[in-house]
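Visitor: Could you walk me through this one? I'm new to it.

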Number of protein chains: 2
Amino acid sequence: MPTVEFRPFGRRVQVDPHTEILDAARQAGVSIDAPCGGKGSCGKCIVRILEGEVDSKSLGLLSPDTVADGYVLACATRLLDGDLVLEVPEQAGRSEGKFAPEIETHLIRRELLPKQWEFDPLAVKWLLHVSQPQLEDGLSDVDRLRRAIQHDWGKQPVEFSLLGIRKVADTLRAAEGTVTATLVRHAKRLYVINIEPGDTTLRHYAVAIDVGTTTIAVQLINLAVAQIVGAGSDYNDQVACGLDVISRINYARRPDRLEELRQRVLASIHRLIRQLARNHGVDPHEISNAAISGNTVMIHLLLGLNPEYIRLAPYSPTLLEVPYFRAAEFGLDINQEAWIHFSPCVGSYVGGDITAGILCTDLATPSEDINLFIDIGTNGEIVLGNHSFLLACACSAGPAFEGGGIECGMRASTGAIEKARIDPETGLAHYSTVGGARPRGICGSGMIDLMASLLLTGWIDAAGKFNQARPCPRIIVEGRRASYVIATAEESATGQPIIITEVDLENIIRTKASIYAACALMLKQVGLGFTDLQQVYIAGGFGRFLDLENATVIGLIPDLPREKFHYIGNSSLMGSYMVVVSQEFRQRQLELAHRMTYLELNTDPAYMEQYTGALFLPHTDPGQFPSVPSRAPRH
Amino acid sequence: MPTVEFRPFGRRVQVDPHTEILDAARQAGVSIDAPCGGKGSCGKCIVRILEGEVDSKSLGLLSPDTVADGYVLACATRLLDGDLVLEVPEQAGRSEGKFAPEIETHLIRRELLPKQWEFDPLAVKWLLHVSQPQLEDGLSDVDRLRRAIQHDWGKQPVEFSLLGIRKVADTLRAAEGTVTATLVRHAKRLYVINIEPGDTTLRHYAVAIDVGTTTIAVQLINLAVAQIVGAGSDYNDQVACGLDVISRINYARRPDRLEELRQRVLASIHRLIRQLARNHGVDPHEISNAAISGNTVMIHLLLGLNPEYIRLAPYSPTLLEVPYFRAAEFGLDINQEAWIHFSPCVGSYVGGDITAGILCTDLATPSEDINLFIDIGTNGEIVLGNHSFLLACACSAGPAFEGGGIECGMRASTGAIEKARIDPETGLAHYSTVGGARPRGICGSGMIDLMASLLLTGWIDAAGKFNQARPCPRIIVEGRRASYVIATAEESATGQPIIITEVDLENIIRTKASIYAACALMLKQVGLGFTDLQQVYIAGGFGRFLDLENATVIGLIPDLPREKFHYIGNSSLMGSYMVVVSQEFRQRQLELAHRMTYLELNTDPAYMEQYTGALFLPHTDPGQFPSVPSRAPRH
């Protein structure tokens, strides 16, 4: 029987030939999570083959580069007859906890893509054979290049930039007229954005960029094979200038500070692009297209537009649909001629992250089902509708779930407590962290688990206050400040205990209340209730998990049959990938943006009423949460 | 009787009321040249009214600004009943002799414009009233601006640049929605290149730029009234890197030197634009359009394109028709969004200066007459044809007539000897200078006069050699070097005598021979002769004069009835003005460029034969110059 060794644990097990690696791991007592049930769709069970041969179906699920590095999905890979040594990734990305594990985001989330779509990126690379110069024909280099393009693409006008024209003469002569042109097709014209000697059609990249108030995420896409080759995320450097969009707008009041914010977000994006490019052997100037999705304020700041009028009545943004700009024009450090696609915004507080996000849902299809899309970021945005109507609204959720304003809060990156459960007997927390690293803080999904557990065990009441009448070794009161210790200083990677304070809990409750209230009011305003919903899509930066049960317990999401819920993660990034790869999605996104009606809830007095009702766990009206066990009575 | 005082001479004269100022000057013994015979077309008789009132028809002939400064044409202005004090400009421009007199170029040369044409510049300013922002309509600032534009201009797409969008929010709010948009109409789209608060439609400027190998000339045009408000010219700073296009191409072989040449020509252009803008109270950023005409090599260097392949067989340029670039794109320091029109080039050695220049001639009209256009610059370009055919060729004339390679040569700027005649008895030269200043050197028209005069007086022979057998006090021989002293060290402004050497004469003969040979061969190749020509247009930087008689005597131009000749000065600059002010001319210019066939003469063995024959004064075949007196016999 073949032997399988699991590193770094050193566990070995003898198993039958052709055993699935996931089964072998279980037999060896090695925990490899596979929350999708081994369907190859979540990507969590990724392992790396160090020695030996396997029969893997991971290709197509993982990017070719990842597979080339020896990674496979344990659930989609079987042993052959020989021994095997493999590594269970303990922690990917940087150990400082700044970057989310990259490997998981390698996965192309096929389940979010429609069944049928046509690969049709904005920028294409095209191999040309250009005739040699001749005295007789009197043609310039540019004339000859234009003729070669029109020969293949038809007699549409061909536009050149000055930077491009400067390369033409030498490029046409370097490989005897064999050149690769990068072309953008737009409004019945062809724009030549690059020209390179020889055949470079296989070196063709794009980036999808999600610009969040707190977090920036970037995907590097290989356009030659329409696959994601890598992804990364990091804090938006603007966080130093204010945690939410309103504080950013206030900060931006002086032109030098507006410019500072622009530079900060560009620096964050560039750091991620450079890192991805380096990791995958790509020169940033080989990236010839980018799609950027972000909320309306983020897009204004990225473009250097004064966002002040978004904050002042009548809340009029400078622009919602951003025209195509060149990378050089707004300072993106990729191919300087690259055209940048911005996902269209709908209103001052419903941005391109939403028009990108709903591309991943049935709200973008001809379905008659009424569906709800909730994107929980620093702002919460909600879209309700079906093929015949689409309503959108926004609420100021705050950055709690991304770690902002929470004592030990952090993003869902290495060392973040992402799952937690409190033992009702001992009061100690069982938790797991991103990358299996020692804990450094707690991220949104961990907060939700923890708050639900504290409520169900009776250590907090419905108002989120610690029940000091019931002693718990992990609840510490210093003066007027009470907190629960999730991990002790000894367990923690930072040398400080990881705690959650009563103030943190208030913060989280305000966040969940604002989202729930917005959903409830929106439905009410169109004469619908939660039970009318067929599907509820939840997007946001919670990382890989969101425990829907716990999210219901605290009243963040409505109490509906669990199968109606779909946690779709960073749908803004996924939607940005979609608009990079297909004109069909770009077109659909624009139509969705035009169809969407923006509802201003914040000026509606009924909103405050809904919000106040939601400031309890799960709600002042328990009838709205029939499946949630009645909360522990106060002692 | 009214008294007229002429300053700075201090001459006074009493004349009848309503006397023309030109007549009053003659009566006062003050010399005011009026070579056009007082028709108001040459602009030479410009004077400035310091005190008193006049009845002037100068408006329409001079720019409004010039008139506002008190300038009138003496030939188009009469006294009233009162006294008058006026100033005869002694020398305009800088006394260093670097700038040509500006006032003459103020004149709009109406005789070169067709009778009928429509004012239709590429960039227009348009006053808009944009609706105020409203919560209900959900429109962004850019949406509202677009609607206001489409309301006036129809439902064509409206394009914005990022720099423009950055100004929109504040500009729309500064004057309650009253804004002036600068629009460019192109390919059924409207491009917003500027937006300003309030009504700025009267502050709307363009520049026409002629980029010569030796000389740069710039006109500032007030687009609000379609008039030239000022003009200036200066050396092309590239002269330091080589006198002709071939030496510039050689210099540009290294990328850093190509960039140096680009910076040098830009610096020359910017100096002229800044000076003109300052003199006329214009901010360079109020200039929202430019038209640039130059030979193919100059345009390559201006755009930073490697010109090497123009010099190497098969002499293929990188581009001939330059697309519209923005000012920011190639570094022109006017409104950064301004679109730049480049006059289309025809071949490697027939450039946009020629397609601009022939716009000023009957070659651009439906006439059946066969006409010849000769542009004498550092390169000589010749166009022959009528409405049904157009042939163009080029020859390397060299910069002699612009002062290059000539011991005391200089451009036709202040202090240049522009007219000269040698007294056949005394051998002394009578001359006049640009601006009436003390002589600093000799310009092209002066060289032609001098050479013709030396020939007719017998002090040089048909080969251009000094006749040392006939003593002349002004001919000096030092070793093997013989020269003629035009102005002594005492007369000269530089403290050095102004001379012309035998080497200079050889140089000038080679220049005139290359031009005459090209004309003759071109005609021969299409089976025509000089006598088939109806009109001969001579363009070039000779300044205000070109003595056609003397030009015939030395064999620069063919010996035809003098009324067939038209000296049209800097036609490239005038043509650039025309394409700035009318779409009709831009269209016509492009059609002319497409219709023109480039003849390569330099590789034709017959060219050398023609050239050799033309290396005498006027020619080895005196039969070609029947009207020229037989040359003085050698003593």
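**Two helices in chain B**

Guide: H12(B) and H16(B) are oblique to each other, because their angle falls in none of the ranges for roughly parallel (under 35 degrees), roughly antiparallel (over 145) or roughly perpendicular (65 to 115). This is a predicted model, in which local features need pLDDT of at least 70 and side-chain atom pairs pLDDT 80 or more, while totals for chains, interfaces and linings use all residues. Residues are numbered from 1 along each chain as its sequence is written, with chains lettered from A and ligands numbered from 1 in the order in which they are written.

Visitor: At what angle do the axes of H12(B) and H16(B) cross?

Guide: The axes of H12(B), residues 502-525, and H16(B), residues 605-613, cross at roughly 125 degrees and come within 8 Å.

Visitor: And which residues meet there?

Guide: From H12(B), B:Ala513, B:Ser514, B:Ala517, B:Ala520 and B:Leu521 meet B:Ala606, B:Tyr607, B:Gln610 and B:Tyr611 of H16(B), where contact means C-beta atoms, placed from the backbone, within 7 Å. By class, seven of these residues are nonpolar, two are polar and none is charged.

Visitor: Switching topic, how many residues does each chain give to the contact between chains A and B?

Guide: Chain A gives 34 residues and chain B gives 34 residues. On the side of chain B that touches chain A, the elements giving two or more residues are H3 (141-153), E9 (158-160), H4 (162-174) and H9 (327-330). The largest share of that side, six residues, comes from H4(B).

Visitor: What classes are on that side of chain B?

Guide: The side of chain B that touches chain A has 21 nonpolar, eight polar and five charged residues.

Technical notes:
Two residues are in contact if their C-beta atoms, placed from the backbone, lie within 7 Å. Helices (H or I, at least four residues) and strands (E, at least two) are DSSP runs, numbered from the N terminus. Ala, Val, Leu, Ile, Met, Phe, Trp, Tyr, Cys and Pro count as nonpolar, Asp, Glu, Lys and Arg as charged, and the others, Gly among them, as polar. Axes are lines fitted to C-alpha atoms, for helices over the stretch in contact, and angles run from 0 to 180 degrees between N-to-C directions.
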